[in-house]
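Thanks for coming, everyone. I would like to walk through one model today, beginning with how its helices meet and then moving to a few individual residues.

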Amino acid sequence: GSRLNIDWHVAGDPPRGDVKLAFLIIQCVETALPYGGTVTVTKGDSQWTIDGRADKLKLDPKTWAVLSDPSGGSQEITAPNVQFALAPETAALLGRTIHVTSTEESVSISF
């Protein structure tokens, strides 16, 4: 009975660390889609992209800023949003950088 659809378009057996980061980011995107929507996960040669689309998004700019710049703000991360702190930490351990773009109906995160 979920209102959230996840389309996983990743072939093969990707590295465990990349999959862990992808799932943390999926959890971040899920917070932006409280009324449901679609999350699409794709992987190119070296880049992953997680896109969330819905008629209505709910993005807290301070929380979302933590993904791109974990040291740039004083946003306190609470238990329900711990994925926003763990994703940049995991990306750093993997030597990756998280990029976020959004519109009124979509959010796209790549690493």
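**Helix packing and selected residues**

The crossing of α2 and α3 is right-handed. The two helices, α2 and α3, pack at an angle of about 15°, and their axes are 8 Å apart. That angle makes α2 roughly parallel to α3, because angles under 35 degrees are counted in that way. On the α2 side the contact is made by Thr63, Trp64, Val66 and Leu67, and on the α3 side by Phe84, Ala87 and Pro88. If we sort the residues of this contact by class, six are nonpolar, one is polar and none is charged. Please keep in mind throughout that this is a predicted model.

Let me stay with α2 for a moment, which covers residues 61-68, and ask which of its residues are buried. They are Thr63, Trp64, Val66 and Leu67. Looking down the axis of α2, we find these buried residues within an arc of 140°, and therefore they line one face of the helix. On the other side of α2 we have Pro61 and Lys62, both of which are exposed. As for what the buried residues of α2 pack against, the partners are the helices α1 (16-32) and α3 (83-94), together with the strands β4 (99-102) and β5 (106-110).

Just ahead of this helix, in the loop between β3 (48-53) and α2, sits Asp60. Asp60 is partly exposed, its relative accessible area being 36%. If you would like a distance to check on your own screen, the C-alpha atoms of Asp60 and Thr31 are separated by 9.4 Å, with these positions 29 residues apart along the chain counted as their spacing.

Now to the second helix pair, α1 and α3, which pack at an angle of about 155° with their axes 9 Å apart. Here the angle makes α1 roughly antiparallel to α3, since the cut-off for that label is over 145 degrees. As for handedness, α1 passes α3 in a left-handed crossing. From α1 the contact draws on Gly17, Asp18, Lys20, Leu21, Leu24, Ile25, Gln27, Cys28 and Thr31, and these meet Gln83, Phe84, Leu86, Ala87, Thr90, Ala91 and Leu94 in α3. By class, this contact of α1 with α3 has nine nonpolar, five polar and two charged residues.

While we are on α3, I would also point to Leu93, which is found in that helix. Is Leu93 buried or exposed? With a relative accessible area of 73%, Leu93 is exposed, because the threshold for that term is over 50%. The C-alpha atoms of Leu93 and Ser110, which are 17 residues apart along the chain, are separated by 16 Å.

Finally, I would like to turn to two residues that touch one another, Leu4 and Gly36. Leu4 lies in strand β1, which spans residues 4-9, and at 16% relative accessibility Leu4 counts as buried. Leaving aside residues up to four places away in sequence, Leu4 touches Glu30, Leu33, Gly36, Gly37 and Val39. By contact Leu4 is thus tied to those residues, whereas the C-alpha atoms of Leu4 and Thr101, 97 residues apart along the chain, are separated by 20 Å.

Gly36, for its part, lies in the loop between α1 and β2 (37-43). Gly36 is buried as well, with a relative accessible area of 11%. Which residues does Gly36 touch, not counting those up to four places away in sequence? The answer is Arg3, Leu4 and Ala54. The C-alpha atoms of Gly36 and Asn5 are separated by 7.8 Å, although the two residues are 31 residues apart along the chain.

Technical notes:
Residues numbered from 1 in each chain as written. Predicted model: local features only at pLDDT ≥ 70, side-chain atom pairs only at ≥ 80, totals over all residues. Heavy atoms only, no water. Buried < 20%, exposed > 50% of the residue type's maximum accessible area, 1.4 Å probe, protein only. Helix = DSSP H or I, 4+ residues; strand = E, 2+ residues; numbered from the N terminus. Arc of directions from axis to C-beta. Contact = heavy atoms within 4.5 Å. Axes fitted to C-alpha atoms, helices over the stretch in contact; angles between N-to-C directions. Parallel < 35°, antiparallel > 145°, perpendicular 65-115°, else oblique. Left-handed = near helix turned anticlockwise from the far one by under 90°. Nonpolar A, V, L, I, M, F, W, Y, C, P; charged D, E, K, R; others polar.
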